[in-house]
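Colleague: Could you take me through the aromatic pairs in this model, please? I would like a close look at how the rings are arranged.

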Amino acid sequence: MTVLPEVRLWVGEKKLPTGSGGVFDHVNPATGQVQAQIPLAGSAEVADAVEAAAEAFRVWRGLRPDQRRDLLLRLGDLIRENQPELTRIAALENGTPVIGGPHYVKLAANWLTYYAGWADKLQGSVAGSFVQGTDFAYSQPEPYGVVGAIITWNVPLASLCMKVVPALAAGNTVVVKPSELTPFTAEMFARLAEEAGIPAGVITVVPGTADAGQALVAHPKVQKISFTGGPATARKILATCAEHLKPSVMELGGKSANIIFADADLEKAASEAVRMGLSALSGQACILGSRVLVQDSVYEEVVAKLVTAAESLPIGDPSNPGVLFGPVINTAARDRILSLVDGARADGSGRLVTGGNPIRGDLAAGSFIEPTIFADVDPDSGLAQNEVFGPVISVIRFSTEDEAVEIANGTDFGLAAYLHSRDVTRVHAVADRLEAGTVYVNGAAVVQPWSPFGGQGESGFGREGGYQGIAEFIRPKTVAIAPLR
């Protein structure tokens, strides 16, 4: 049985067992039982963490790029070596089934390795020379200094590697505020970073509530913020950033469309729609295709396949290796999602074809919801427009390519879109018209480290992944030297 690591506040060389923010009773989402008390950082510990990070910045930036690269590569090796433990912790922490846990650990380690490789490849440019009769001018990439990273709870290890590692590779130090709902993964990340030899203070970890996050954003020595979460919280963060003229990266919500054309491999498309709409993280991810748009000539056939796939999902304790579908994060989330489902039933937003209830019996004490599908959903309804962040998908009928694009683009979000078709001309044409940061075609793997990831509109701005992901954490300095006459 996995023993959860004792969570501390990592402040420079100190590992504090308590914080001025009080304590949080952490509940296992599968059992409803308190399994640990988590110390929470208050503004005092956040301030100390920022000061420690500012002090460590001089050390970290002073290392040669290849030294930073090697330390990050070592951290990546340690994450891979600890994959079984990290997988078991995720099951207890937020209900991620252990059968899928290795995928998320591998994804996180791949992000780490990718950005470690960028550490010694950042270059400037020469813009003028004495030979041309101008000033000799060159630019060089420089880190910001201290970066504040506010991490969400659904995929904490991947989120840590997506934010912290490119910032470190660029020469910054990072103060991380993980969610109090998933503090154990952040604790393990800090321990492995220490084991890898990353100097104290380069990564500081201060679990806390929104008050700790606000203190982090407002601190004058924090030079940039990277946040993953919802638009409502983002607006509060951005208001504080505006007061301090502080730049930020915002990876926010989504209501991604999954378009299935009649010429697609319907079996695969339906299976992917359930996997990337319901079973993955029990629907708790901003990128998931929660709106399934199906061409009318195959509509009923696809709906039937969706229902069959959803009702076939093995549901239960996420620590059981045979389970594919676990609980949502807590009872508050369960009750919120079920309230939205009941509202959609009442207002006729769509036709409930499966699910829509809490799971009873042996799982009643946990935060379990049946995989839920609404068919014949009005594309302008609240069910189709608002992010549910749970195991609920809306199936919408369309006739033409133009109609599919109009429906897909008809929300305030713009994070991702999915597309299923055998027609390569259609794929390129529709992908070009979709208002989304990324378009995934015929089951393409999502959120890979070498590809820019991010959204537009209510889905935020800035990018994680690819060169653009590390460019978020550097700023060019130009040096111009006049010729001696």
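Modeller: Here is a walk through the aromatic pairs and the charges over rings. This is a predicted model, in which local features need pLDDT of at least 70, side-chain atom pairs count only at pLDDT 80 or more, and totals for chains, interfaces and linings use all residues. Residues are numbered from 1 along each chain as its sequence is written, and side-chain values use heavy atoms, without hydrogens and water.

Rings of Phe, Tyr and Trp (its six-membered ring) pair if their centres lie within 6.5 Å; planes under 30 degrees apart are stacked, over 60 edge-to-face, and the rest tilted. The count by this rule is 7 aromatic pairs. In one of them, the ring centres of Trp 118 and Tyr 467 are 5.2 Å apart with planes at 55°, so this pair is tilted. Because Trp 118 lies in the loop between helix H4 and strand S5 and Tyr 467 in helix H15, the pair ties together parts 349 residues apart in sequence. Tyr 467 is partly exposed (between 20% and 50% relative accessible area, 1.4 Å probe, protein chains only), at 41%.

Phe 261 and Phe 398 have ring centres 5.3 Å apart and planes at 80°, so they are edge-to-face. This pair also links distant parts of the chain, with Phe 261 in the loop between strand S12 and helix H9 and Phe 398 in strand S16, 137 residues apart. Both Phe 261 and Phe 398 are buried, meaning under 20% relative accessible area. Elsewhere, one aromatic cluster is formed by Trp 111, Tyr 114 and Tyr 115.

Key. Helices (H or I, at least four residues) and strands (E, at least two) are DSSP runs, numbered from the N terminus.
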